[in-house]
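Work through the three exercises below with the sequence and the model in view, and try each task before you read its solution.

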Amino acid sequence: DAIGKPKGHQLKVSVTAAPRAGRATDHMLRYLANEFGVAVGDIEVVFGRMNVNKQLRIQSPKRLPAVFAQQELL
């Protein structure tokens with residue numbers, strides 16, 4: 001599981017779960033909840049739940065993943 005370098009307003013998130021019946025999305029939400037310091041319920045899939053491209057809304061993140069800090073240094 002990893003977050004790639006941001007491209008504009010997009011992030012590439014790689015997960016180890018298989019993309020079957022929404023399992024990869026659920027796994028990604030748990031992973032991102034940990035990375036942003038929020039509960040899984042604080043992340044809403046706006047669209048793309050069963051698609052490789054998704055839009056998420058994260059309610060009041062407590063912290064930002066390291067990839068954002070690296071971008072600020074550039």
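**Exercise 1.** State what share of the chain is buried, and judge the chain's radius of gyration against that of a compact globule.

*Solution.* Begin with burial: in this predicted model, buried residues make up 24% of the 74 residues in the chain, where buried means under 20% relative accessible area. Next, take the overall dimensions, for which the C-alpha trace spans about 40 × 20 × 20 Å along its principal axes. Finally, compare the radius of gyration: a compact globule with 74 residues would have a value near 11 Å, and the chain has 12 Å, which agrees.

**Exercise 2.** Describe the order of helices and strands, and then find which element gives the most to the largest nonpolar core.

*Solution.* The chain holds two helices and four strands, and reading along the sequence gives the pattern β-β-α-β-β-α. The largest nonpolar core has 11 residues, among them Ile3, Leu29, Phe36, Val45 and Val67. Two or more of the core residues come from each of α1 (23–36) and β3 (43–47), and α1 gives the most, with six residues. As for Val45, its contacts, leaving aside neighbours within four places in sequence, are Thr25, Leu29, Gln55 and Leu56.

**Exercise 3.** Characterise the largest pocket by its volume and by the residues of its lining.

*Solution.* The volume of the largest pocket is about 990 Å³, and of the 32 residues that line this pocket, the closest to its centre are Leu11, Val13, Met28, Val52 and Lys54. Sorting the lining by residue type gives 15 nonpolar, nine polar and eight charged residues. Turning to the elements, α1 and β4 (55–58) each supply at least two lining residues, and the largest share, six residues, comes from α1.

How values were computed: Residues are numbered from 1 along each chain as its sequence is written. This is a predicted model: local features need pLDDT of at least 70, side-chain atom pairs count only at pLDDT 80 or more; totals for chains, interfaces and linings use all residues. Side-chain values use heavy atoms; hydrogens and water are left out. A nonpolar core is a set of buried Ala, Val, Leu, Ile, Met, Phe, Trp, Tyr and Cys residues joined through side-chain atoms within 4.5 Å. Buried means under 20% relative accessible area, exposed over 50%, partly exposed in between (1.4 Å probe, protein chains only). Contact means heavy atoms within 4.5 Å. On a 1 Å grid over the protein atoms alone, a cavity is a set of points where a 1.4 Å probe fits but cannot get out, and a pocket is an open set with protein on both sides within 12 Å along at least five of seven lines; lining residues have an atom within 4 Å of a point. Grid points are joined across faces, edges and corners, and a volume is the space filled by probe spheres set on the points. Ala, Val, Leu, Ile, Met, Phe, Trp, Tyr, Cys and Pro count as nonpolar, Asp, Glu, Lys and Arg as charged, and the others, Gly among them, as polar. The radius of gyration is taken over C-alpha atoms; the globule rule is 2.2 Å times the number of residues to the power 0.38.
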